[in-house]
Amino acid sequence: MPRDGDIFGRTVNLAARVSALAGPSQTLVCFNTRAAAEASVRGLAFQGLGAVSLKGFKDSVPLFSAQRAG
């Protein structure tokens, strides 16, 4: 939901929480992002990292590390 040029909402909060967990040169994604990428992008591989508790989310969120397939 945009407000004064900024975007707010559950998806934005999830993206911020997930990206905050990523290390240097690491790309972390949630299940929905993984599914969308697998359906539309070639050359990516995903490694399951398990589910984590994130502030503001009732249920744990499964995370995946994304990297170039090779």
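Helices here are DSSP runs of H or I with at least four residues, strands are runs of E with at least two, and both are numbered from the N terminus. With that in hand, let's work through some exercises.

This is a predicted model, so to speak of a local feature we need pLDDT of at least 70, side-chain atom pairs count only at pLDDT 80 or more, and totals for chains, interfaces and linings use all residues. Residues are numbered from 1 along each chain as its sequence is written, and side-chain values use heavy atoms, with hydrogens and water left out.

**Exercise 1: Get your bearings**

Task: Work out how many helices and strands the protein has, and in which order the elements run.

Solution:
- Step 1. Count the elements: there are two helices and five strands.
- Step 2. Walk along from the N terminus, and you read β-β-α-β-α-β-β.
- Step 3. Picture the overall extent: the C-alpha atoms fill a box of roughly 40 × 25 × 25 Å along the principal axes.
- Step 4. Check the burial: 20% of the 70 residues count as buried. Buried means under 20% relative accessible area, exposed means over 50%, and partly exposed is in between (1.4 Å probe, protein chains only).

**Exercise 2: Build the sheet**

Task: Find the order of the strands in the open sheet, and say which strands stand at the edges.

Solution:
- Step 1. Two strands pair if DSSP finds at least two bridges between them. Three strands do this in the order β3-β5-β4, and the pairing is antiparallel.
- Step 2. Look at the ends of that order: β3 and β4 are the edge strands, each with a single partner, so one side of each has no neighbour in the sheet.
- Step 3. Add the twist, which averages 35 degrees from one strand to the next.
- Step 4. Zoom in on β3 and β5: they pair over four bridges in the antiparallel sense. Valine 29, for instance, has phenylalanine 64 in β5 as its bridge partner.
- Step 5. Now place the helices. α1 packs on the sheet, touching β3, β4 and β5, and its direction makes about 145 degrees with that of β3. Helix α2 lies across β3, β4 and β5 and runs at about 100 degrees to β3. (Contact means heavy atoms within 4.5 Å; axes are lines fitted to C-alpha atoms, for helices over the stretch in contact, and angles run from 0 to 180 degrees between N-to-C directions.)

**Exercise 3: Look inside**

Task: List the residues of the largest nonpolar core and say which elements give two or more of them.

Solution:
- Step 1. A nonpolar core is a set of buried Ala, Val, Leu, Ile, Met, Phe, Trp, Tyr and Cys residues joined through side-chain atoms within 4.5 Å.
- Step 2. The largest one has eight residues: Leu14, Val18, Leu28, Cys30, Leu54, Phe57, Val61 and Leu63.
- Step 3. Sort them by element: α1 (10-21), β3 (27-30) and β5 each give two or more.
- Step 4. Take leucine 14 as a sample: leaving out residues up to four places away in sequence, it touches Cys30, Leu54, Phe57 and Val61.
- Step 5. Don't stop there: a second, separate core of five residues includes Ala37, Phe46, Phe64 and Ala66.

**Exercise 4: Two rings**

Task: Describe the one aromatic pair in the structure.

Solution:
- Step 1. Know what to report: a pair of aromatic rings is described by the distance of the centres and the angle of the planes.
- Step 2. Phenylalanine 31 and phenylalanine 64 are 6.5 Å apart centre to centre, with 50 degrees between the planes, and this makes the pair tilted. (Rings of Phe, Tyr and Trp, its six-membered ring, pair if their centres lie within 6.5 Å; planes under 30 degrees apart are stacked, over 60 edge-to-face, the rest tilted.)
- Step 3. Phenylalanine 31 is in helix α2 (residues 31-40) and phenylalanine 64 in strand β5 (residues 61-68), so the pair ties together parts 33 residues apart in sequence.
- Step 4. Phenylalanine 64 counts as buried, at 10% relative accessibility.

**Exercise 5: Inside or outside?**

Task: Decide whether arginine 42 and serine 65 are buried or exposed.

Solution:
- Step 1. Arginine 42 lies in the loop between α2 and β4 (44-52). Its relative accessible area is 83%, so arginine 42 is exposed.
- Step 2. Serine 65 is in strand β5. With 8% relative accessibility, serine 65 is buried.
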